[in-house]
Amino acid sequence: METEPCQGMLNTTPEITMSLVGEWCVVCYDGEAYPGVVQDVDEESVQVKTMCIIGVNRFFWPLKDDILWYRHEHFLGLVPEPKPVTKRHMMLDMSVWNEISSMMDERMTSFCLLSGRFGINDMFVVFLSNC
């Protein structure tokens with residue numbers, strides 16, 4: 001089954017299969033969203049070559065490939081390829097970035113509500129450990 005191309009939006013509902021290899025995606029790691037390219041898939045995880053964060057919605061490829069396995073629940077969805085901002089830095093389409101930011105905010109809020117943590121220090125710790 002072919003994956004639908006991602007045209008200017010976040011696709012949060014792809015079936016996680018080998019058909020995702022080579023597709024652009026976003027994964028959650030340590031409370032941050034990282035764009036990258038799917039390298040491999042197994043029953044529980046997705047291997048993604050991710051970019052580094054340089055600022056809000058600003059990313060670059062590291063000199064040494066950053067390829068890790070992420071559990072399916074940390075796979076946020078498919079995205080269009082980031083666009084160049086400078087010779088080295090890239091950014092996601094703003095509408096896609098806004099969707100990702102909202103999703104990350106919802107994850108943090110849900111976790112805080114479920115865990116009963118509402119203090120600012122708790123929210124900071126929860127946000128960092130949520131993904």
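Among contacts in the protein between residues at least 6 apart in sequence, what percentage join residues at least 24 apart? In this predicted model, the share is 54%. The paragraphs below follow the chain from its overall architecture to one residue of its interior, and then to its largest pocket.

The secondary structure consists of nine strands and two helices. Along the sequence, these elements are arranged in the order β-β-β-β-β-β-β-β-β-α-α. The protein has 131 residues, and 39% of them are buried. Its exposed area is about 7800 Å², of which carbon and sulfur atoms contribute 55%.

The interior may be approached through its largest nonpolar core, a set of 17 residues. Within this core, the residues that touch the most other members are Val26, Leu76, Val79, Leu92 and Ile100. At least two core residues are supplied by each of β1 (24-29), β2 (32-41) and α1. Helix α1 provides the largest share, with five residues.

A second core, separate from this one, comprises eleven residues, and Leu20, Val27, Val38 and Phe75 are among them.

Ile100 merits individual attention. This residue belongs to helix α1, which spans residues 94-115. Is Ile100 buried or exposed? Its relative accessible area is 0%; because buried means under 20% relative accessible area, Ile100 is classed as buried. When residues up to four places away in sequence are set aside, Ile100 touches Leu10, Val26, Ala33, Leu76, Val79 and Leu92. Val26, one of these partners, lies 74 residues from Ile100 along the chain, yet the C-alpha atoms of the two residues are separated by 8.4 Å. Val26, Leu76, Val79 and Leu92, among the contacts of Ile100, are also listed with Ile100 as the residues of the largest core that touch the most other members.

Attention now turns to the largest pocket, which has a volume of about 190 Å³. Its lining is formed by 14 residues, and those nearest its centre are Gly31, Glu32, Ala33, Trp97 and Ser101. Ala33 has thus appeared twice, as a contact of Ile100 and as a residue of the pocket lining. Which elements each supply at least two residues of the lining? They are β2, β4 (52-55) and α1. The largest share again comes from α1, which gives five residues to the lining. By class, the lining contains eight nonpolar, four polar and two charged residues.

Helix α1 therefore links the two parts of this description, because its residues, as a DSSP run, make the largest contribution to the largest core and to the lining of the largest pocket.

Conventions. Residues are numbered from 1 along each chain as its sequence is written. This is a predicted model: local features need pLDDT of at least 70, side-chain atom pairs count only at pLDDT 80 or more; totals for chains, interfaces and linings use all residues. Side-chain values use heavy atoms; hydrogens and water are left out. Helices (H or I, at least four residues) and strands (E, at least two) are DSSP runs, numbered from the N terminus. Buried means under 20% relative accessible area, exposed over 50%, partly exposed in between (1.4 Å probe, protein chains only). Contact means heavy atoms within 4.5 Å. Accessible areas come from the Shrake-Rupley method with a 1.4 Å probe; for residues, only the protein chains shown count as cover. A nonpolar core is a set of buried Ala, Val, Leu, Ile, Met, Phe, Trp, Tyr and Cys residues joined through side-chain atoms within 4.5 Å. On a 1 Å grid over the protein atoms alone, a cavity is a set of points where a 1.4 Å probe fits but cannot get out, and a pocket is an open set with protein on both sides within 12 Å along at least five of seven lines; lining residues have an atom within 4 Å of a point. Grid points are joined across faces, edges and corners, and a volume is the space filled by probe spheres set on the points. Ala, Val, Leu, Ile, Met, Phe, Trp, Tyr, Cys and Pro count as nonpolar, Asp, Glu, Lys and Arg as charged, and the others, Gly among them, as polar.
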